Amino acid sequence: MELNWTIEVIVGFFVSSVIVAAVILSYLKIKHIKIKSLFYLRLSFFLSAMYFLFEAIADLFLNLFLARFYNFLLPLIIISFLIGVTYSKKESVYSVSLILIIFLVPIFYISALLPESFEIIVVSGFDYQKILTKGLFDLLIVIFYVIVGVLGYYWGFLIWRNTPFLYKKEALLLFLTLILIFPFAIISYLLTLWHPTFIILSDITFTLGWYVIIYAITKEPKLLYILPFTVYRISVKDREGSPLFDHDWSESNINEKIFTGFTNAVQLMSEEVMQIGGLLDINLQEGILIVYNSKFITVGLVSSKSSKLLRDCVRNFTHDFEEQFEYLLKTSIKDMKKYEPGYNLIDKHFSNFPYRIISDKHHPLLISVKNSKIPLQINDRYHDIFKDDEEIEKIKAELIRFPISSHDDFLNLYEELKDEKEVNFEKDDEEQSED
Amino acid sequence: MIDNKIYALSLGLDHPSVQQVIQIALELTKEHKLINTELLYNRAKRELKIPRQGLNSIIQMLLNRKFLVDGSKFTKETILKNKIRYYIYWLIKTNIGAHFSFLKKKVSQQKESEIGVGHLIWHLEKLIKFNFIKKVKVKNCTMFLPVEISDEEGILYFIMRDDLNRQIVEILLEHEAINKADIYRDLNINREKTYYRIKKLIELEIISPIAEDEKTISINLSIKGLIMEVIKNILYTKQIMKKLN
């Protein structure tokens with residue numbers, strides 16, 4: 001049997017190998033990260049590789065049965081891509097576009113079985129044979145591509161718009177890929193109606209697009225958790241309500257007093273309402289407080305939405321925290337510094353969630369009071385002037401916010417005014433009378 | 001050196017790379033530069049050659065550990081956001097000619113913000129630094145004025161805030177010239193006291209003697225209009241304050 005080696009077949013083998021290699025490398029690079037949407041996206045990329053591979057094999061053998069087979073993969077690619085995208089948007093697989101696609105799938109499969117959907121042609125100008133899709137079947141392929149293209153573009157745009165400064169570069173890469181490469185790939189596919197060789201350009205651009213998406217997501221998997229919710233902060237308290245550990249991902253509109261009040265209230269009612277090991281979601285106006293009670297601690301996590309994933313993370317974090325600091329908790333140690341190694345557990349259980357504290361690169365920063373270096377002599381002088389510790393903290397917090405912190409100006413004015421007597425014209429009169 | 005895979009949170013503040021970034025932040029502060037993420041990032045990137053994500057994670061960690069805190073330096077627009085400082089500025093604006101002991105008394109009466117002398121002086125110094133107020137010495141006492149008020153006007157306010165001084169000046173405003181004795185009789189108070197005040201007002205050039213023996217006096221005509229305006233404002237403010245109380 002003579003094999004139909006053509007440029008399209010070679011390109012097909014090449015692009016499928018590139019995508020498979022990219023998927024495998026991505027898997028190996030972030031093996032430890034388990035993200036549901038990433039699984040579906042990888043599945044979609046892998047199925048695409050298979051699509052290109054079987055397309056090449058079908059052309060190689062000029063086998064119409066194989067041509068039908070690889071086209072059967074197309075809805076699966078689209079569906080897994082859609083599920084991946086939707087899951088990274090709202091932690092759910094359901095969407096209107098998914099229903100639309102599922103509605104089109106039977107029509108697609110039926111049309112794939114129609115004899116007139118495929119034809120072996122000789123490519124004009126190049127004199128090689130290939131299998132060409134035609135009619136309704138070809139139209140459905142274009143519809144699939146357009147739906148995915150539009151949704152993919154919208155997804156990339158949302159991620160790029162909502163991504164904080166830290167991950168903006170990867171988000172921009174993803175967005176540019178979706179708005180530049182995919183429309184180009186779809187246009188190239190439409191041009192196959194004019195000349196079938198445009199499929200080569202379409203396959204290469206699709207592959208390039210997939211490759212860049214895989215690269216961006218592998219480089220920064222947190223991009224997949226930009227949209228579903230915002231994690232604000234986590235706080236750990238002992239059973240007496242003393243804070244042991246806290247960590248912020250993002251600035252929250254939730255008032256500190258409300259947050260503390262709720263966690264304290266939950267602790268108080270825990271014995272009656274919540275069992276040890278119980279989880280509770282409290283709806284606050286600005287978000288959700290997930291509270292988990294364990295034997296020694298109460299952990300509160302504030303996020304914009306409730307999520308099963310977040311609840312699991314809180315539960316696992318709590319167990320590990322209790323296990324790691326069991327001795328400290330049993331001996332009722334309240335020094336927050338002792339619990340600082342708990343940051344490792346944040347890395348372990350919450351590493352997928354993006355930080356949003358730095359919203360943009362011009363975000364102004366100050367060195368905190370306790371770390372700002374005030375000369376010892378001046379520090380002592382401040383302690384002489386401001387006896388109250390709370391007062392001195394307020395002053396120091398202000399001190400770091402002055403563009404030029406001149407201690408001398410204040411100290412000189414203080415020396416000038418500290419002993420100034422009360423102005424009293426009446427008293428002056430009396431003194432004069434006595435004279 | 002850290003790479004992209006390592007999360008800075010686990011590194012801790014003692015890690016050499018983290019310490020190097022801290023050092024750069026401290027240097028920037030010493031140079032009186034306003035730190036922002038970009039400036040710190042660029043300087044650290046140039047000097048330390050830490051990969052982008054690693055450096056971002058360190059900055060993020062410094063924020064989480066509260067080494068770096070959110071906030072910008074004070075500007076003329078934001079300096080008055082502090083409630084106590086704003087109150088002090090309001091006191092100075094509404095009580096032109098207010099001296100330090102008056103402000104001290106008023107601020108100490110604020111139950112919700114018990115602030116000491118040091119704290120009051122702290123805010124006054126900041127208001128001076130940002131050119132909201134100025135400090136004027138009148139004899140042994142320090143007066144604070146909104147910058148838009150001239151020193152001369154401020155001193156007038158300071159003198160006229162005293163009831164007896166004002167009463168003497170009011171009598172003088174009604175007469176072109178008057179004998180000193182008529183004033184103490186009009187006011188029905190001790191003669192020495194009245195004469196002493198008149199002497200002080202002459203020294204301050206608010207009133208001037210007509211005869212050489214200083215028995216007949218009149219208002220200083222060159223500032224008559226200003227004196228009238230000052231008295232009017234003081235009385236109006238007193239009236240408003242009385243209503244508010």
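The paragraphs below lead through a predicted model of two chains, A and B, going from the contact between them to the sheets, the cores, one helix and a few single residues.

A good place to start is where the two chains meet. The contact draws on 43 residues from chain A and 46 residues from chain B. On the side of chain A that touches chain B, at least two residues each come from strand S4 (243–248), helix H11 (343–350), strand S8 (365–367), helix H13 (389–399), helix H14 (407–417) and helix H15 (425–434) of chain A. Helix H14(A) gives the most to this side, with five residues. Sorted by chemical character, the residues on the side of chain A that touches chain B are 23 nonpolar, nine polar and 11 charged.

Strands also pair across the boundary between the chains. In general, strands of a sheet pair through backbone hydrogen bonds, either parallel or antiparallel. Here S8(A) pairs in the antiparallel sense with strand S1 (residues 68–70) of chain B, over three bridges, and Leu365(A) stands opposite Asp70(B) in S1(B).

Within chain A, another antiparallel pair is worth following with the eye. Strand S3 (residues 231–238) of chain A is joined to S4(A) over five bridges, in the antiparallel sense, and Lys237(A) stands opposite Pro243(A) in S4(A). These two strands make a hairpin with four residues between the strands, and in this hairpin Gly241(A) takes a positive phi near 90 degrees. S4(A) is also one of the elements that supply at least two residues to the side of chain A that touches chain B, which links this hairpin to the contact described above.

Chain B can be introduced by its overall make-up. It has 11 helices and six strands, and 30% of its 245 residues count as buried. Of the contacts in chain B with a separation of 6 or more, 52% are between residues 24 or more positions apart. Three of the strands of chain B form an open sheet in the order S4-S6-S5, with antiparallel pairing. Strand S4 (178–179) and strand S5 (207–209) of chain B are the edge strands, since each of them pairs on one side only. S5(B) is joined to strand S6 (residues 216–219) of chain B by three bridges, and the two run antiparallel; Pro209(B) has Ile217(B) in S6(B) as its bridge partner.

What lies in the interior comes next. In soluble globular proteins, nonpolar side chains tend to be buried together. The largest nonpolar core in this model has 105 residues, of which Ile159(A), Leu174(A) and Leu223(A) touch the most other members. Helix H2 (residues 36–61) of chain A provides the largest share of this core, 11 residues. Taking Leu174(A) as an example, and leaving aside its neighbours within four places in sequence, its contacts are Gly156(A), Ile159(A), Trp160(A), Ile213(A), Ala216(A) and Leu223(A). Apart from the largest core lies another of 40 residues, among them Ile88(B), Leu124(B), Met160(B) and Ile227(B).

One of those residues, Ile88(B), leads to helix H4 (residues 83–94) of chain B, which has 12 residues and reaches 16 Å from its first C-alpha to its last, close to the 16 Å expected at 1.5 Å a residue. Its buried residues are Arg85(B), Ile88(B), Tyr89(B) and Ile92(B). They lie on the same side of H4(B), because they cover an arc of only 95 degrees around the axis. These buried residues pack against helix H5 (100–108), helix H6 (117–129), strand S2 (133–138) and strand S3 (141–146) of chain B, whereas Lys83(B), Trp90(B) and Thr94(B), on the other side of H4(B), are exposed.

Some single residues complete the tour. Lys330(A) is found in helix H10 (residues 326–330) of chain A, and it counts as exposed because 11 other C-beta atoms lie within 10 Å. Although Lys330(A) and Phe296(A) are 34 residues apart in sequence, their C-alpha atoms are 7.7 Å apart in space. Ser332(A), in the loop between H10 and H11 of chain A, has a phi near 55 degrees, a positive value in a residue other than glycine. In chain B, Glu205(B) likewise has a positive phi, near 60 degrees, in a residue other than glycine; Glu205(B) is in the loop between helix H10 (191–203) and S5 of chain B, and it is exposed, with 12 other C-beta atoms within 10 Å.

Note on methods. Residues numbered from 1 in each chain as written. Chains lettered and ligands numbered in written order. Predicted model: local features only at pLDDT ≥ 70, side-chain atom pairs only at ≥ 80, totals over all residues. Contact = placed C-beta atoms within 7 Å. Nonpolar A, V, L, I, M, F, W, Y, C, P; charged D, E, K, R; others polar. Pairing = 2+ DSSP bridges. Buried ≥ 20, exposed ≤ 12 C-beta atoms within 10 Å, placed from the backbone. Core = buried A, V, L, I, M, F, W, Y, C linked by C-beta atoms within 7 Å. Expected span 1.5 Å × (residues − 1). Arc of directions from axis to C-beta.
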